[in-house]
Amino acid sequence: MAAAKIHRTLLEAPLAGWIVIRILEFLEQEVANPTAPLEELNLVVLEAQVAIRRIKGIVGDLTAFSRESKAGEAVVDLRTVVDEAERLAAQRTGHQIGIQSLLPQDLPKVMGNQRHLAQVFLNLLINAADAIDETSRTDGQIWIRAAKKGEAVTIDVDDNGAGLPAPVLKQLFVPFFTTRAPKRTGLGLATSREYLRRAGGDLTATPRPEGGARFTVALRAAP
Ligand SMILES: Nc1ncnc2c1ncn2[C@@H]1O[C@H](COP(=O)(O)OP(=O)(O)O)[C@@H](O)[C@H]1O
Ligand SMILES: [Mg+2]
């Protein structure tokens, strides 16, 4: 369910609840001391039914959303995920780019969907490879470094590619934004961020001072 819809339904729930409470108060008074004609009582009972049905629908939508966002969540070993992404990236880009991954031995496992996380790292590696291709340099390099930061694990994916000029930086996560048409579709970063946010994490980007880009994946450490 889209965030805008959740926001709207969350705003509507208290209003519908308030309507039901006021109607019950009114009916309580009418039982104690009848004044209203029967048709009016019928009408307010009908209104209460509509409001209750609305609340029922909202609660149903929200529980469906929380099930959807937790779908397939498991304890995931980042080493497996990164290995898988590296293997697929080598197949897809079909050429040699040095990838140096530094995942500490004692790195905790993380919470997420293994398939989605592999897709996220694959997207980041292909993007880095594209950005390196753009420079036509021969010493293209990608660095993957992970660290535990409190309850989170962060993984930096750095490259010495073309870098992130301000206008690109601003639109990185906008669906269909791409500087690589027609080869690419501009959905990689938008979907990657969505996957990570569903797992309670995030994806951010910064230009590296020495040139190239840094993408930082944050995930919840497994308990
Ligand atoms: N590592 C990177 N270095 C430089 N630019 C990048 C990098 N990753 C992404 N970008 C920029 O962000 C845009 C959007 O990326 P993405 O959402 O993955 O879509 P796509 O790869 O299909 O273009 C890219 O077209 C590119 O301009
Ligand atoms: Mg991409």
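How many C-beta neighbours inside 10 Å does Ser101 have, and does Ser101 count as buried, exposed or partly exposed? Ser101 has 18 such neighbours and therefore counts as partly exposed, where a residue is buried if 20 or more other C-beta atoms lie within 10 Å of its own, exposed if 12 or fewer, and partly exposed in between, with C-beta atoms placed from the backbone.

The model is predicted: local features need pLDDT of at least 70, side-chain atom pairs count only at pLDDT 80 or more, and totals for chains, interfaces and linings use all residues. Residues are numbered from 1 along each chain as its sequence is written, while chains are lettered from A and ligands numbered from 1 in the order in which they are written.

**Overall organisation**

The chain contains 6 helices and 7 strands; helices (H or I, at least four residues) and strands (E, at least two) are DSSP runs, numbered from the N terminus. Read from the N terminus, the order of elements is α-α-β-α-β-β-α-β-β-α-α-β-β. Of the 223 residues in the chain, 23% are buried. Among contacts with a separation of 6 or more, 72% join residues 24 or more positions apart; two residues are in contact if their C-beta atoms, placed from the backbone, lie within 7 Å.

**The sheet**

An open sheet is formed by 5 strands in the order β2-β4-β5-β7-β6, with mixed pairing. Two strands pair if DSSP finds at least two bridges between them. Because β2 and β6 (202-207) stand at the edges with a single partner strand each, one side of each has no neighbour in the sheet. Neighbouring strands are turned by 15° against each other on average, direction ignored.

Strands β4 and β5 pair in the antiparallel sense over 8 bridges. Within this part of the structure, Ala147 has Thr154 in β5 as its bridge partner. Ser101 is located in β2 and touches Val82 and Ile144, not counting residues up to four places away in sequence. Ser101 and Ile144 are 43 residues apart along the chain, yet their C-alpha atoms are separated by 4.5 Å.

Helix α4 lies across β4, β5 and β7 (213-220) and runs at about 25° to β5. Axes are lines fitted to C-alpha atoms, for helices over the stretch in contact, and angles run from 0 to 180 degrees between N-to-C directions.

**Helix α3**

The 16 residues of α3 (residues 78-93) should span 22 Å at 1.5 Å a residue, and the end C-alpha atoms are 22 Å apart, which agrees. The expected span is 1.5 Å times one less than the number of residues. The buried residues of α3 are Leu78, Val81, Val82, Ala85 and Ala89. They lie on the same side of α3 because they cover an arc of only 90° around the axis, the arc being that of the directions from the helix axis to the C-beta atoms. An α-helix has 3.6 residues a turn, so residues three or four places apart point the same way. Arg87 and Gln91, on the other side of α3, are exposed. The cover over the buried residues of α3 includes β1 (74-76), β2 (98-102), β3 (110-112), α4 (114-135), β4 (141-149) and β5 (152-159).

**Loop residues**

Three loop residues are compared by position and surroundings below.

| Residue | Loop | Other C-beta atoms within 10 Å | Class |
|---|---|---|---|
| Ser136 | between α4 and β4 | 8 | exposed |
| Phe176 | between α5 and α6 | 10 | exposed |
| Gly140 | between α4 and β4 | 21 | buried |

Although not a glycine, Ser136 has a positive phi, near 55°. Phe176, also not a glycine, has a positive phi of about 75°. Gly140 touches Ile97, Gly98, Ile132 and Asn160, not counting residues up to four places away in sequence. Gly140 and Gln96 are 44 residues apart in sequence and 8.8 Å apart in space, C-alpha to C-alpha.

A cis peptide bond, with omega about 0°, joins Ala181 and Pro182. Pro182 belongs to the loop between α5 (166-171) and α6.

**Ligand 1**

Ligand 1 is surrounded by 22 residues, of which Asn127, Ala131, Thr178, Arg184 and Gly188 are the closest; a residue is near a molecule if its C-beta atom, placed from the backbone, lies within 6 Å of it. The elements giving two or more residues to this shell are α4 and α6 (188-198). Helix α4 provides the largest share, 4 residues.
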